[in-house]
Amino acid sequence: MLEHVGVSPEDESTYRALLRRPQCTVRELAEQVDRPPDLVRRSARRLEELGLLSRTPDHPARLVPTRPDLAVDVLVAARRADLDRAQAGARELLDEMSLPDQYRPESLLEVLTGQDAIAARFAQLVRATERELLVLDRPPYASGAGDSEPRVLGLLGDGVTVHGIYSPDSLQIPGAVEGAYSAADAGERSRIHPAVPMKLAIADRSVALLPLVVDRMVDSALVVHRSALLDALVQMFFLLWDQGVPVVGDSDASDLDRRLLTMLAAGMKDDTIARHLDISSRTVGRRVAELMDRIGAKTRFEAGVHAQRRGLLAD
């Protein structure tokens, strides 16, 4: 039991025997544990150094065991101090280790504070993207749509693949639907998901920008470089992607039902849909009822999901 605090099994058996017969001599203790006196004498010396026994002032030859609870507490404290020193030493040794910069702990994560810093870092991330940008879009925003949309459209013009997943809230902002359609027309692969958990941007699967605190998404942010955490964020993105409903661009505007199903998936009300499609609210209500009945959906978003799965929506 005491081996974890530096007491060998042989010394522990000596200490246990002394607990049963305190104030005995080494010779008497040797008879009790059935070991040669020389071995027991060395064992007693080690126990004395560990603070597990002492000697009576009047008879130094007689051994007195220290109370187990007090003695072990002291040993545990000493072992804990040794472990703390070992941990501190390991951190110092890290400086001597030959590691590429990207594998050093301080290079895996960055913390940003303030909307301006977050907006600037997002702009930098977009500019540095060469192959693929993955975005979870939901309000609030550190920068306005007028700042970020042109940057993303510029990537599409440069041949960069852009995947965007919009939350219904993000499409309720004035001009957001038109912006999503314009991005889809420009080549963005866009989908809508009813439960986008947070804002997220991942560039070339090598760096990600996300909120540090989900409830305060524009006050602080975390930059994650290549790591298992980044891999998990990419996996999460594509799980949400598989569950989302595609956004149909203006090139498909003649297919009213496809546009209608997309807006249903975004959680829009009939009046809002009517305004975007330039038809009456009564017509929207009738078409929605017909679509849900035809698809067999019980909710408006379910209608969008079923339509996507049945190939009624173009990706």
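A residue is called buried when its relative accessible area is under 20%. By that cut-off Ala-184, at 18% relative accessibility, counts as buried. Ala-184 belongs to helix α8, and this helix makes a convenient starting point for a walk through the structure, which is a predicted model.

First, the overall picture. The protein chain contains 13 helices and 10 strands. Of its 315 residues, 41% count as buried. Among the contacts in the chain with a separation of 6 or more, 65% are accounted for by residues 24 or more positions apart. The chain exposes about 17300 Å², and carbon and sulfur atoms supply 51% of that area.

Helix α8 deserves a closer look. Besides Ala-184, the buried residues of α8 include Ala-176, Val-177 and Gly-179, and Ala-180, Tyr-181 and Ala-183 are buried in α8 as well. As background, an α-helix has 3.6 residues a turn, so residues three or four places apart point the same way. Ala-184 can also be placed relative to another part of the chain: its C-alpha atom is separated by 9.8 Å from that of Val-162, and the two residues are 22 residues apart along the chain. After α8 comes Gly-187, which has a positive phi, near 120 degrees.

The interior of the model can be described through its nonpolar cores. The largest of these has 23 residues. Leu-171, Val-247, Leu-260, Met-263 and Ile-273 are the residues with the most contacts inside this core. At least two residues of the core come from each of α8 (176–186), α10 (256–265), α11 (270–277) and α12 (281–295). Helix α8 provides the largest share, six residues. A second core, separate from this one, has 19 residues, among them Ala-44, Leu-52, Leu-63 and Leu-75.

Helix α8 appears again at the cavity. The structure holds one cavity of 30 Å³ or more, and about 40 Å³ of space lies in the largest cavity. The lining of this cavity is made up of 10 residues, and Leu-171, Val-177, Tyr-181, Ile-192 and Thr-262 are the closest to the centre. Two or more lining residues are given by each of α8 and α10, and α8 gives the most, with three residues. In character, the lining divides into nine nonpolar residues, one polar residue and no charged ones. Leu-171 thus links the two descriptions, being listed among the residues with the most contacts inside the largest core and among those closest to the centre of the largest cavity.

Two further helices offer buried positions that can be related to distant parts of the sequence. Val-234 lies in helix α9 (residues 228–243). Why does Val-234 count as buried? Its relative accessibility is 7%, and the cut-off for a buried residue is under 20%. Leaving aside residues up to four places away in sequence, Val-234 touches Leu-134, Ile-202 and Arg-205. Ser-206 is 28 residues from Val-234 in sequence, and the C-alpha to C-alpha distance between Val-234 and Ser-206 is 9.8 Å.

Ala-123 sits in helix α6 (residues 115–128). Ala-123 counts as buried because its relative accessibility is 5%, where the cut-off is under 20%. The C-alpha atoms of Ala-123 and Val-152 are separated by 9.6 Å, with the two residues 29 residues apart along the chain.

Finally, the backbone has two loop positions to point out. Gln-23 is not a glycine, although its phi is positive, about 65 degrees. The residue is found in the loop between α1 (9–20) and α2 (26–33). Is Gln-23 buried or partly exposed? With a relative accessible area of 44%, Gln-23 is partly exposed, as this value falls between the cut-offs of 20% and 50%.

Asp-204 is not a glycine, and its phi is positive, about 55 degrees. Asp-204 lies in the loop between β7 (200–203) and β8 (207–211). At 10% relative accessibility, Asp-204 counts as buried, in keeping with the cut-off of under 20%.

How values were computed. Residues numbered from 1 in each chain as written. Predicted model: local features only at pLDDT ≥ 70, side-chain atom pairs only at ≥ 80, totals over all residues. Heavy atoms only, no water. Core = buried A, V, L, I, M, F, W, Y, C linked by side-chain atoms within 4.5 Å. Buried < 20%, exposed > 50% of the residue type's maximum accessible area, 1.4 Å probe, protein only. Helix = DSSP H or I, 4+ residues; strand = E, 2+ residues; numbered from the N terminus. 1 Å grid on protein atoms, 1.4 Å probe; cavity = no way out; pocket = protein on both sides within 12 Å on 5 of 7 lines; lining within 4 Å. Points joined across faces, edges and corners; volume = space filled by probe spheres on them. Nonpolar A, V, L, I, M, F, W, Y, C, P; charged D, E, K, R; others polar. Contact = heavy atoms within 4.5 Å. Areas by Shrake-Rupley, 256 points an atom, 1.4 Å probe, with all protein chains shown as cover.
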